[in-house]
Amino acid sequence: MNATMTSSKNLGSLWEDLGKAMEGEDEIEVGEVDCGTSKPVCTKVDIHSYPTFKLFYDGEEVAKYQGPRNVESLKSFIFDEAGKAAAKAQLDSDQDL
């Protein structure tokens with residue numbers, strides 16, 4: 001699961017701190033995209049303002065973060081939304097049976 005993606009400017013160490021806080025979490029990856037050098041990626045995932053924090057599950061966007069910019073808030077968002085996405089995916093899989 002690509003748990004979160006950001007396009008950022010001037011975030012300081014927040015993104016690095018979040019990555020460290022998420023180390024060891026199975027199935028969750030924290031990544032960063034610089035829209036200045038990766039414009040096609042940002043266009044594809046509909047990022048037009050900076051910084052933008054989004055959560056992706058199985059390649060699909062499931063949530064956009066708009067809360068406080070601190071590690072604990074972002075970490076809570078990731079766990080809450082990833083749990084919802086996993087539960088929905090399981091429900092969809094069960095319905096396919």
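Here is a short conversation about a predicted model of one protein chain. Residues are numbered from 1 along each chain as its sequence is written. Local features need pLDDT of at least 70 and side-chain atom pairs pLDDT 80 or more, while totals for chains, interfaces and linings use all residues, and side-chain values use heavy atoms, without hydrogens and water.

Biologist: Let's start with the fold: in what order do the elements of the chain run from the N terminus on?

Modeller: Helices (H or I, at least four residues) and strands (E, at least two) are DSSP runs, numbered from the N terminus. The chain has three helices and four strands. Their order is β-α-β-α-β-β-α.

Biologist: Good to know! What percentage of the residues of the chain count as buried?

Modeller: Buried means under 20% relative accessible area, exposed over 50%, and partly exposed in between (1.4 Å probe, protein chains only). Out of the 97 residues of the chain, the buried share is 33%.

Biologist: And which residues form a disulfide?

Modeller: A disulfide is a pair of cysteine sulfur atoms within 2.5 Å, and searching the whole structure turns up one. Its sulfur atoms lie 1.9 Å apart, and the angle of -95° about the S-S bond makes the link left-handed. Both cysteines are buried. They are C35 and C42.

Biologist: Lovely. Is D34 buried or partly exposed?

Modeller: D34 sits in the loop between β2 (29-33) and α2 (39-44). Its relative accessible area is 40%, so D34 is partly exposed.
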